[in-house]
Amino acid sequence: MVIFSGCFFQADAQGVRKTESFDAHWKFFLGDNQEAKEVAFNDSKWRNLDLPHDWSIEGRFDAKNPTTQAEGGLPAGMGWYRKHFTIPISAKSKKVFIDFDGIYHNSEVWVNGHYLGKRPNGYISFRYDLSRYLKFGKHENIIAVRVDNADQPNSRWYTGSGIYRNVWLVTTSKTYLTHWGTYITTPRIDEKSAEVAVDMAIHQPLPAKGKWSVQTVVYDASGRLVAQKKSLVNAFNDTLTTFKQSLQVINPKLWSVTNPYLYKVVVKLLENRKQVDDYTSFAGIRYFNFDADKGFTLNGKPMKILGVCMHHDQGALGAAVNIRAMERQLQILKAMGCNAIRTSHNSPAPEFLDLCDRMGFLVMDEAFDMWKKKKSKFDYHQDWDKWHVKDLQDQVLRDRNHQSIFAWSIGNEIREQFDSTGISIGRELVSIVKQLDKTRPVTSALSEADLKKNFIYQSGALDLVGLNYHQEVYADFQKNYPGQKFIGTENMSALATRGHYDMPSDSIRRWPKDGKTPLRDGNPDFTVSAYDNVSAYWGSTHEKTWKIIKKYDFLSGLFVWTGFDYIGEPTPYLWPARSSYFGIVDLAGFPKDVYYMYQSEWSAKPVLHLFPHWNWKPGQTVDVWAYYNNADEVEAYLNGKSLGIRKKMGDDLHVMWRVKYEPGILRAVSRKNGEIVLSTEIITAGEPYRIKLEADRSYIKGDGKDLSFITVSVLDKDNHLVPNANQLIKFKVSGAGILKAVDNGSQTDMDAFVANEHHVFNGLGLAIIQSTPQSGKIVVSATADGLQSATISIESHR
């Protein structure tokens, strides 16, 4: 079943298929206790919690943790989960499954003392059949899950630890539509009609009895019936039967990134006209194409893929899945003009794909960061031989009904690029994908641009040439890769710390300068200038690569590394840096300045962004930049005196003034044909005076999961942001909510995320408030020594 925005659809009044959240009321123990799998084990002293849960994010940053700096220096180890539950008598004649959306990692599961299995992969979803081991009625059942994340290091970024995605209990009849066995495609689309093809797999215990039929019903977004078909199923010859149906939707509304229109498709399995099972999904009708000369088209219209790469953590919340946190990230990116996500480098949460379907993002769904050859000592290479086929099959089966997915990636910077095994493994993986989904192209994110040296490319199996970096070959792509179709799978690796600026701004820096020399001449405080002039040696500034992609039609698009900062991989610095500098948006969700360059280029929204802040030493030379669009020119003023008019020349993406600092008001005005389009100003701030709290949403759901993200600002007496403020803010929350986490976007802050206090960084901080399962008012107060306190209220409704 496809879960949409955190909701699930049960069957009709007969209630034949039941999908229930299984997240509530678990017991947790941090450590290893082999007796915990026994039914009689006493877990009364274990911690009570609800899933999803990431125990690593609750810890403290420490260089001594075996996760190493690459994973953020947070603790890992082993943990146990147990849940006591009952199953109604009515389920005795049915099938009962448990679905785990993801456990990091090496999970093992027991129910009532019976071993169900092990799944090493920490990102894949999987199911176990509980039916034969369950007790029914008032009799208690116990499920135990052991999670082993002690084999460190096992990743190049933060993974989290535990049952960090949702868990579902699914009850069906004995005859049922199999897990991920219903496949919806739209093989023919024109203006007048669209064919909706439904392939399904039915499990039926032999001998089969009765008269069987399948009914598929399609509803539009308003709930209106637009197509239906009922077909008889021939006699079952085996326990698994496949069946196909085809329906016509008249005058279809096409799914696109600007109008993500979704139909609801319900498949019903009937025995003697009585419904015994169903499957509900959402389907978008759309078509797309990659062309070697013209690039990418969606529904016949040319479109640049304006994408970002995203790791799976949600900042201070860690890896524990929260729909609102993911939605907020996507909303921030959407407002920038982003239209595509690459799920680097693993299977994402199902709810993330639901959001992309609904919000209008294309998705490159990526499977692996390594194959047989390792990148970290204990990474997935250990499990490759036994598990890669099953894991890839399950990812494609689970995700193929998402209309947001437009490409599959079988790997990221795989080391088998450099030897002949890349040919055989590349062909094998593409074949696995194509057997399950022929509607989307397959690529691999290649880090070797010389095709004579790249054995994955030489496999001939890839539909798209996906290049990571190597922007120097893009302009001549058609000459060097004749007849091939291009996608920039990973680009830029530009670096920035929000709100920090080094002069001069027009000197390009490569930090580090190569792969062998640690950075020795960086900033003592481990910051990186937020002018777009610093990148890792393998990448480029944001402007440099975007100019190339923008210029040529045959370059279909790109994926910037990365949309948001993420925990771990803090290039270019050693410890105590613990989070990445790559993001267009910082870890707390505050845009860095380059966000507005992309917004000015990728969106139609009028933009005039002036920076840096205006608190400097008297007489200091300061570079003033402006990103703008929808205008011919920008004029800057300092305390009312013009600094001159600037116009973007050639392929410029920003304008600049070099100014001798004096305190006061820095103002910019953009004009088109002499008329003012936008104006903005930055004012020199005084001493920190008060705290300001501002919630992204004042009304949230009282479901125990919804969130309100509260921006914490330190202002002067005149309500101007103090750009260098770093006060320790203490929080207090009362009413129908809790303080879930705190952050400030700094890559080096060692304060714990799960705490009731946190420093602001460059004037800003973040408090994440989570509702409790009740309605009522949530009151949040913030205090700091020497500052006026602040209070804000949020309403929570069931």
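User: Two strands pair if DSSP finds at least two bridges between them. In this predicted model, which residue in the turn between β14 and β15 has a positive phi?

Analyst: The model is a prediction. In it, strand β14 (residues 212-219) and strand β15 (residues 225-232) pair in the antiparallel sense over seven bridges. The two strands form a hairpin with five residues between them, and the turn residue with a positive phi, of about 90°, is Gly 223.

User: Which residue in β15 is the bridge partner of Val 218?

Analyst: Strands of a sheet pair through backbone hydrogen bonds, either parallel or antiparallel. For β14 and β15 the sense is antiparallel. The bridge partner of Val 218 in β15 is Ala 227.

User: Which strands stand at the edges of the open sheet that contains β14 and β17?

Analyst: The sheet has four strands, in the order β15-β14-β17-β18, with antiparallel pairing. Two of these strands have a single partner strand each, so one side of each is left without a neighbour in the sheet; they are β15 and β18 (274-283).

User: What is the average twist from one strand to the next in the four-strand sheet β15-β14-β17-β18?

Analyst: This is an open sheet with antiparallel pairing. From one strand to the next, the twist averages 15°.

User: Which residue in β18 stands opposite Leu 269?

Analyst: Strand β17 (residues 263-271) and β18 pair in the antiparallel sense over nine bridges. Opposite Leu 269, in β18, stands Asp 277.

User: Which strands form the edges of the six-strand open sheet, and what is its average twist from one strand to the next?

Analyst: The order of the six strands is β3-β2-β4-β9-β6-β7, and the pairing is antiparallel. Strands β3 (47-49) and β7 (114-119) pair on one side only, which makes them the edge strands. The average twist from one strand to the next is 25°.

User: Which residue in β9 is the bridge partner of Val 109?

Analyst: Strand β6 (residues 107-111) and strand β9 (residues 141-149) pair in the antiparallel sense over five bridges. The bridge partner of Val 109 in β9 is Val 145.

User: How many residues of helix α2 are buried?

Analyst: Buried means under 20% relative accessible area. In α2 the buried residues are Pro 350, Glu 351, Phe 352, Leu 353, Asp 354, Leu 355, Cys 356, Asp 357 and Met 359. Elements that cover them include β10 (167-172), α1 (323-336), β23 (340-342), β24 (362-366), α3 and β25 (405-412). Helix α2 (residues 350-359) has 10 residues, and the number of them that are buried is nine.

User: Which residue just after α2 takes a positive phi?

Analyst: Helix α2 spans residues 350-359. Just after this helix, a positive phi of about 90° is taken by Gly 360.

User: How far apart in sequence are the parts tied together by the salt bridge of Arg 498 and Asp 586?

Analyst: The side chains of Arg 498 and Asp 586 meet at 2.6 Å, N to O. Arg 498 lies in the loop between β28 (486-492) and β29 (509-510), and Asp 586 in the loop between β31 (555-561) and α8 (594-602), so the salt bridge ties together parts whose separation in sequence is 88 residues.

User: Is Asp 394 buried or exposed, given its salt bridge with Lys 390?

Analyst: The closest N and O atoms of Asp 394 and Lys 390 are 3.4 Å apart. The two residues are four apart in helix α3 (residues 384-399), so about one helical turn separates them. Lys 390 is partly exposed, at 38% relative accessible area. With a relative accessible area of 5%, Asp 394 is buried.

User: Which residues are joined into one network by salt bridges that share partners?

Analyst: The salt bridge of Asp 502 with Arg 509 has its closest N and O atoms 3.7 Å apart. Salt bridges that share partners, in turn, build one network from Arg 119, Lys 390, Asp 391 and Asp 394.

User: Which two members of the largest nonpolar core touch the most other members?

Analyst: The contacts of Trp 614 include Val 622, Leu 638, Tyr 661 and Ile 683. A second, separate core of 54 residues includes Trp 255 and Tyr 469. In the largest core, of 95 residues, those that touch the most other members are Ile 341 and Trp 614.

Conventions
Residues numbered from 1 in each chain as written. Predicted model: local features only at pLDDT ≥ 70, side-chain atom pairs only at ≥ 80, totals over all residues. Heavy atoms only, no water. Salt bridge = Lys/Arg side-chain N within 4 Å of Asp/Glu carboxyl O. Buried < 20%, exposed > 50% of the residue type's maximum accessible area, 1.4 Å probe, protein only. Core = buried A, V, L, I, M, F, W, Y, C linked by side-chain atoms within 4.5 Å. Contact = heavy atoms within 4.5 Å. Axes fitted to C-alpha atoms, helices over the stretch in contact; angles between N-to-C directions. Lists of a residue's contacts leave out its neighbours within four places in sequence.
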